[in-house]
Amino acid sequence: MYDLTGFQRDLLYVIAGGDDPHGLALKAELEDYYQSEINHGQLYPNLDTLVNKGLIEKGTQDQRTNIYSLTRRGRRELEDRQEWEQKYVEPAETSSA
């Protein structure tokens with residue numbers, strides 16, 4: 001997880017929250033979050049990197065549509081990341097701000 005970009009980590013979170021999302025659904029979700037356009041040249045190479053690292057699997061919905069899901073390793077990496085983040089970030093309900 002340490003060698004991923006922030007964009008790649010965000011992709012993992014969005015994939016984890018979806019039901020085998022396809023590329024355009026991921027693109028739309030990230031565009032909404034980033035408030036800017038995500039181009040195909042940014043999205044698909046990063047998805048391929050996550051596949052090559054064994055963090056997500058790429059399947060097919062039909063001949064034109066790929067779907068993505070977390071692997072067991074991807075899920076474990078996200079859980080480890082969340083545990084690490086919790087050491088440094090107070091939960092909102094206990095924050096004094």
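**Close-up views of a predicted model**

**View 1. D20, a loop residue with positive phi.** D20 has a relative accessible area of 38%, so it counts as partly exposed. The model shown here and in every view below is predicted. D20 sits in the loop that links α1 and α2. Its phi is near 50 degrees, a positive value, and D20 is not a glycine. Most residues other than glycine have a negative phi.

**View 2. The whole chain, for orientation.** The chain has four helices and two strands. Read from the N terminus, the order is α-α-α-β-β-α. Along the principal axes, the C-alpha atoms fill a box of roughly 50 × 30 × 25 Å. The chain has 97 residues, and 29% of them count as buried. About 6700 Å² is exposed, with carbon and sulfur atoms supplying 44% of that area. Take the contacts between residues at least 6 apart in sequence: 49% of these join residues at least 24 apart.

**View 3. Helix α1 and what covers it.** Helix α1 runs over residues 6–17. Does its length fall in line with what its residue count predicts, or out of line? Twelve residues at 1.5 Å a residue should span 16 Å, and the end C-alpha atoms are 17 Å apart, so the two agree. The buried residues of α1 are F7, Q8, R9, L11, L12 and I15. An α-helix has 3.6 residues a turn, so residues three or four places apart point the same way. Which elements cover the buried residues of α1? The cover includes three helices, α2 (23–34), α3 (40–52) and α4 (72–86). Strands β1 (56–60) and β2 (66–70) also belong to the cover.

**View 4. The largest nonpolar core.** This core holds 17 residues. The members that touch the most other members are L11, L12, I15, L47, L50 and I56. Elements giving two or more residues are α1, α2, α3 and β2. Helix α1 provides the largest share, four residues. Now look at I56. Setting aside residues up to four places away in sequence, I56 touches L12, I15, L47, L50, V51, Y68, S69, L70 and T71.

**View 5. D3 and K53, a salt bridge between distant parts of the sequence.** The chain has five salt bridges. In one of them, the D3 and K53 side chains meet at 2.7 Å, N to O. D3 belongs to the segment before α1, and K53 to the loop between α3 and β1, so the pair ties together parts 50 residues apart in sequence. D3 is partly exposed, at 42% relative accessible area. K53 is also partly exposed, at 28%.

**View 6. K58 and D48, a strand-to-helix salt bridge.** The side chains of K58 and D48 meet at 3.6 Å, N to O. K58 is in strand β1 and D48 in helix α3, so this pair ties together parts ten residues apart in sequence. K58 has a relative accessible area of 43% and is partly exposed. D48 is partly exposed as well, at 33%.

**View 7. K27 and E31, a salt bridge within helix α2.** Here the side chains meet at 2.7 Å, N to O. K27 and E31 are four residues apart in the helix, which means about one helical turn separates them. Is K27 buried or exposed? K27 has a relative accessible area of 13%, so it is buried; the cut-off is under 20%. Its partner E31 is partly exposed, at 22%.

**View 8. The loop between α2 and α3.** Q35 and N39 are in this loop. Q35 has a positive phi of about 55 degrees, though it is not a glycine. Its relative accessible area of 66% makes Q35 exposed. N39 is partly exposed, at 43%. Where does K27 lie relative to N39? The two are twelve residues apart in sequence, with their C-alpha atoms 8.0 Å apart in space.

**View 9. A nonpolar surface patch.** Which residues make the patch? W84, Y88 and V89 form it, over about 370 Å². W84 is part of helix α4. With 44% relative accessibility, W84 counts as partly exposed.

Methods. Residues are numbered from 1 along each chain as its sequence is written. This is a predicted model: local features need pLDDT of at least 70, side-chain atom pairs count only at pLDDT 80 or more; totals for chains, interfaces and linings use all residues. Side-chain values use heavy atoms; hydrogens and water are left out. The expected span of a helix is 1.5 Å times one less than its number of residues. Buried means under 20% relative accessible area, exposed over 50%, partly exposed in between (1.4 Å probe, protein chains only). Contact means heavy atoms within 4.5 Å. Patches are made of residues with over 30% relative accessible area and no salt bridge: like charges are joined within 9 Å, nonpolar side chains (Val, Leu, Ile, Met, Phe, Trp, Tyr) within 5 Å. Accessible areas come from the Shrake-Rupley method with a 1.4 Å probe; for residues, only the protein chains shown count as cover. A salt bridge is a side-chain nitrogen of Lys or Arg within 4 Å of a carboxyl oxygen of Asp or Glu. A nonpolar core is a set of buried Ala, Val, Leu, Ile, Met, Phe, Trp, Tyr and Cys residues joined through side-chain atoms within 4.5 Å.
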